[in-house]
Amino acid sequence: VSFYLSLVCFGMMMMDGNIVDHQLNYWKGQDATVDGMLGGYGFVDETDVDGSLKFLDECMPDKETRSRALDCGCGIGRVTKNMLFPAGFNTVDLMDINQEFLDKAAGFIFGKETDANAKEELQTDDDGVEAESVNDNDDGDDDIQNDVGCKHSGCRIGEKFCSGLGSFGFKEEAGIVWDLIWVQWCAIYLKDDEFVAFFKKATESVHEKHGVVVLKENVLRGNAKPEFDREDKSVTRSEAHMRRLWDAAGVEVVLQREQQNFPSELYPVLMYALRRKATP
């Protein structure tokens, strides 16, 4: 019943206009800063990153398998800069519905806001191999490792996809198999049928042996009915609701943890490591 209730409520919301347009316009109105990405709660960034890194160490303990990741709903690249690069991923592809955020991501991640984000900071040759930085100088300020501020050399942005989660084509559009797909605070913008389709495709787009899809999201306790936000057109679901949707998608939860030490006025935030269900 709750599955169809969500669809009906989303349909009612769309009477005010296209829901994706509403969501895009909402995010176009947010500052391209960490505080803007976190809805005015920029001070939780360090706590959030710490919780994510600990979770990643549990669900992907072999750091040799951490090579390429997809940051879904990346915004300006907060998760990529502060968590994925330091975790050991040397290539991160970015996906966001807002082209303006994508355009500013390299400047934020590599620490340079001038010259049109330093023309992405890195140029690549035809094979996608790292080339010299655009703004080379004698003191090495454009060294990739130093720009990112992490201990891992060779960190680079891969592909950029301007897309919402519901319309992203994964293998059909990107042709990439990832080690990790990280989805944080953006699955709330999917209708139930889109949620099912998204996680089905996502779990089919990571390496079969070690790949994982991680959802870090606001969650309602118990079996509460979905809560809809008319400002940004999002929906917050219960864990029971999401598990029914994952079951419909052929997806299983292999690890679950709750983020600790967030302000009490926020929704509970849970992290789920997801994979395809094993074929009998």
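Which handedness does the β-α-β unit made by E1, helix H5 and E2 have? Keep that in mind while you get your bearings in this predicted model.

**The whole chain**

Start with everything shown as cartoon. You're looking at 10 helices and 11 strands. Colour by burial and 50% of the 280 residues come up as buried. If you draw contacts with a separation of 6 or more, 68% of them link residues 24 or more positions apart.

**Stop 1: strand E1**

Select residues 68-72. This is E1, a mostly covered strand, with 4 of its 5 residues buried. Now add residues 91-96, which are E2: the two strands run parallel and are joined by 5 bridges. Then add 180-184, strand E6. E6 is also parallel to E1, with 4 bridges between them.

For a good landmark, click on cysteine 72. Its opposite number in E2 is methionine 95, and its bridge partner in E6 is valine 183.

**Stop 2: helix H5 and the crossover**

Bring in residues 78-87, helix H5, and you can settle the opening question: E1, H5 and E2 form a right-handed β-α-β unit.

Is H5 enclosed or open? Count the buried positions: 7 of its 10 residues qualify, so the helix is largely enclosed by the rest of the structure. To see them, show Arg78, Val79, Thr80, Met83, Leu84, Phe85 and Ala87 as sticks. Arg78 and Thr80 are worth a click, as both are on that buried list. Just after the helix, stop at glycine 88, where phi is positive, near 115°.

**Stop 3: the largest pocket**

Turn on a surface and look for the largest pocket, with a volume of about 1100 Å³. Several elements give two or more residues to its lining: helices H2 (19-28), H3 (34-37) and H5, plus strands E1, E2, E8 (227-229) and E9. So which element gives the largest share of the lining? That's H2, with 5 residues.

To centre your view, select Trp27, Trp185, Ile188, Tyr189 and Asp232, which lie nearest the pocket's centre among its 47 lining residues. Colour the lining by class and you'll get 25 nonpolar, 14 polar and 8 charged residues.

**Stop 4: the one cavity**

Next, hide the surface and look inside. How many cavities of 30 Å³ or more does a search of the whole structure find? The count is 1, and the largest cavity holds about 30 Å³ of space.

Select its lining: Ala187, Ile188, Phe195, Glu217, Asn218, Val235, Thr236, Arg237 and Met242. Ile188 should ring a bell, since it is also one of the residues nearest the centre of the largest pocket. Strands E7 (212-218) and E9 (234-236) each supply at least two of the cavity's lining residues. By class, the lining splits into 5 nonpolar, 2 polar and 2 charged residues.

**Last stop: leucine 190**

Finish at leucine 190, in the loop that leads from E6 to helix H9 (192-203). Buried or exposed? Leucine 190 has a relative accessible area of 1%, so it counts as buried, the cut-off being under 20%. Draw a distance from its C-alpha to that of valine 235 and you should read 7.7 Å, although the two are 45 residues apart along the chain. Valine 235 is a residue you've already met, in the lining of the largest cavity.

Conventions. Residues are numbered from 1 along each chain as its sequence is written. This is a predicted model: local features need pLDDT of at least 70, side-chain atom pairs count only at pLDDT 80 or more; totals for chains, interfaces and linings use all residues. Side-chain values use heavy atoms; hydrogens and water are left out. Buried means under 20% relative accessible area, exposed over 50%, partly exposed in between (1.4 Å probe, protein chains only). Two strands pair if DSSP finds at least two bridges between them. A crossover is right-handed if, with the strands pointing away from the viewer, the path from the first strand over the helix to the second runs clockwise. On a 1 Å grid over the protein atoms alone, a cavity is a set of points where a 1.4 Å probe fits but cannot get out, and a pocket is an open set with protein on both sides within 12 Å along at least five of seven lines; lining residues have an atom within 4 Å of a point. Grid points are joined across faces, edges and corners, and a volume is the space filled by probe spheres set on the points. Ala, Val, Leu, Ile, Met, Phe, Trp, Tyr, Cys and Pro count as nonpolar, Asp, Glu, Lys and Arg as charged, and the others, Gly among them, as polar. Contact means heavy atoms within 4.5 Å.
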